[in-house]
Amino acid sequence: MGDDTGARGKLDGMDSVVTFTLNPAVDMSTSTAYVVGDRKLRCETRVVEPGGGGINVARVLHEFGVPNVAWWTRGGDVGERLAHLLDATGIDHRSIPIGGETREHLTVLERASNRQFRFNMPGPSLSEAELEACVDRVSGIDPSTPYLVLSGSLPEGAPDDFYARLARAAPKGCKVILDTSGAALERGVEADLYLVKPNVNELSALAGTTVEDEEHIRDVARSLLARGGVQVVITSLGAGGATATTRDEHWHVHAPTVRFRSAVGAGDSMVGGLVAGLARGWPLSDAIRYGVAAGAATVTRPGTQLCTRDDVERLLEQMA
Ligand SMILES: Nc1ncnc2c1ncn2[C@@H]1O[C@H](COP(=O)(O)OP(=O)(O)OP(=O)(O)O)[C@@H](O)[C@H]1O
Ligand SMILES: [Mg+2]
């Protein structure tokens, strides 16, 4: 693992899903009684996990037993650390070497208020040549790859249309799923994509209006679909679950009520569950329910921990 060759794996007849993480991170989480200034804050046990959009999706796919290959950019000491963390998960991962240092992210839970403070350190800036290497990797993935997941923020140095470029580089027949925000999403949807997963704020920003209610979500999603490139819009609504919009249909999947611990990774888990269902050949409606259950299950886990398969299966029964 960790080399930069093309990859292919099959489990139970499933071709590997590929996730691509341009801005991965080492995620550290801890807790303290109060977050106050000018004092030493005594922190509890520290948990360190591999993170960043596509890597979180890969963690969820791995948990669900869905074969996947996780591509990521690897730089400096933090990059080495991330490689070791990924090795320990058993995820099949491949890295693209970069000159900058891979990002770090810190989440601190203030126990008194149950609020989370999330500190995102500056990430590396990718050079033209490094960006080019990423495009090459995407164009070199196995042509039988059923789904390519592009997820997370773009690193410094990447132009806003970089996800669109990666999507266009993917082999014909590989369905591209995009989960990002801001300008990266706005320019990303210019490419042909199978599915996009904005949350309601990201959808609002994309539409240049505040999306008020479900009818409005449907109309905004439909206008995105009408542009021609995107086939499915899944809008996630936090505790409200998610809506799915295609050219012919629109429906709402309600999330089960769960005990809230931490929302970190909820969106990525939702995408992971969704893609797991799709990779198993399920109908879109079942895959979305699985995604919503996975997001809800992650919310019950502290810090940066993600859903477990058992929790997801249990929640799915509640949703039936
Ligand atoms: N409080 C909650 N209760 C139950 N389920 C939740 C809750 N928050 C999130 N979820 C689940 O997680 C999914 C994704 O959540 P959300 O809409 O917050 O994504 P996001 O804003 O993209 O998250 P992220 O910050 O991880 O990118 C929801 O569709 C839902 O299934
Ligand atoms: Mg999100």
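Leaving aside neighbours within four places in sequence, L193 is in contact with A167, V176, L178, G188, G229, V230 and Q231, where contact means heavy atoms within 4.5 Å. This is a predicted model, in which local features need pLDDT of at least 70 and side-chain atom pairs count only at pLDDT 80 or more, while totals for chains, interfaces and linings use all residues. Residues are numbered from 1 along each chain as its sequence is written, and side-chain values use heavy atoms, with hydrogens and water left out.

L193 also belongs to a wider group. The largest nonpolar core has 43 residues, and L193 is listed with F20, L148, L150, F162, L166 and V196 as having the most contacts inside it. A nonpolar core is a set of buried Ala, Val, Leu, Ile, Met, Phe, Trp, Tyr and Cys residues joined through side-chain atoms within 4.5 Å. Buried means under 20% relative accessible area, exposed over 50%, and partly exposed in between, with a 1.4 Å probe and protein chains only. Which helix gives the most to this core? Helix α4, residues 162-169, does so with 6 residues. Helices (H or I, at least four residues) and strands (E, at least two) are DSSP runs, numbered from the N terminus. Another core, of 40 residues, lies apart from the largest one, and I234, V271, A279 and A293 are among its members. As general background, nonpolar side chains tend to be buried together in soluble globular proteins.

I turn now to the aromatic rings. Rings of Phe, Tyr and Trp (its six-membered ring) pair if their centres lie within 6.5 Å; planes under 30 degrees apart count as stacked, over 60 as edge-to-face, and the rest as tilted. By this rule the count comes to 4 aromatic pairs. Why is the pair of Y147 and Y194 called tilted? The ring centres of Y147 and Y194 are 6.1 Å apart and their planes stand at 55°, so the pair is tilted. Y147 lies in strand β10 (residues 147-151) and Y194 in strand β12 (residues 193-196), so the pair ties together parts that are 47 residues apart in sequence. Both partners are covered: Y147 counts as buried at 8% relative accessibility, and Y194 is buried with a relative accessible area of 10%. The ring of Y194 has a further partner, since the charged end of K175 sits over it, 4.7 Å from its centre. A charge sits over a ring if NZ of Lys or CZ of Arg is within 6 Å of the ring centre and within 35 degrees of the ring normal. Elsewhere, ring pairs link F64, W282 and Y290 into a cluster.

The next topic is an open sheet. Its 4 strands have the order β5-β4-β8-β9, with mixed pairing; two strands pair if DSSP finds at least two bridges between them. Which strands stand at the edges? They are β5 (47-51) and β9 (115-120), each with a single partner strand, so one side of each is left without a neighbour in the sheet. Neighbouring strands of this sheet are turned by 20° against each other on average, direction ignored. Strand β8 (residues 103-110) runs antiparallel to β9 and is joined to it by 6 bridges, and T107 stands opposite R118 in β9. Helix α2 (residues 76-89) packs on the sheet, touching β4 (25-32), β5 and β8, and its direction makes about 90° with that of β5. Axes here are lines fitted to C-alpha atoms, for helices over the stretch in contact, and angles run from 0 to 180 degrees between N-to-C directions. β4 and β5 pair in the antiparallel sense over 5 bridges, with V48 in β5 as the bridge partner of M28. In β5, 4 of the 5 residues are buried.

Finally, some loops. Between β4 and β5 lies D38, which has a positive phi of about 60° although it is not a glycine. Is D38 buried or exposed? At 88% relative accessibility, D38 counts as exposed. The loop between β8 and β9 holds N114, whose phi is near 65°, a positive value in a residue other than glycine. N114 is partly exposed, with a relative accessible area of 45%. A112 lies in the loop between β8 and β9 as well. The C-alpha atoms of A112 and T32 are separated by 8.4 Å, with these positions 80 residues apart along the chain.

Conventions
Chains are lettered from A and ligands numbered from 1 in the order in which they are written.
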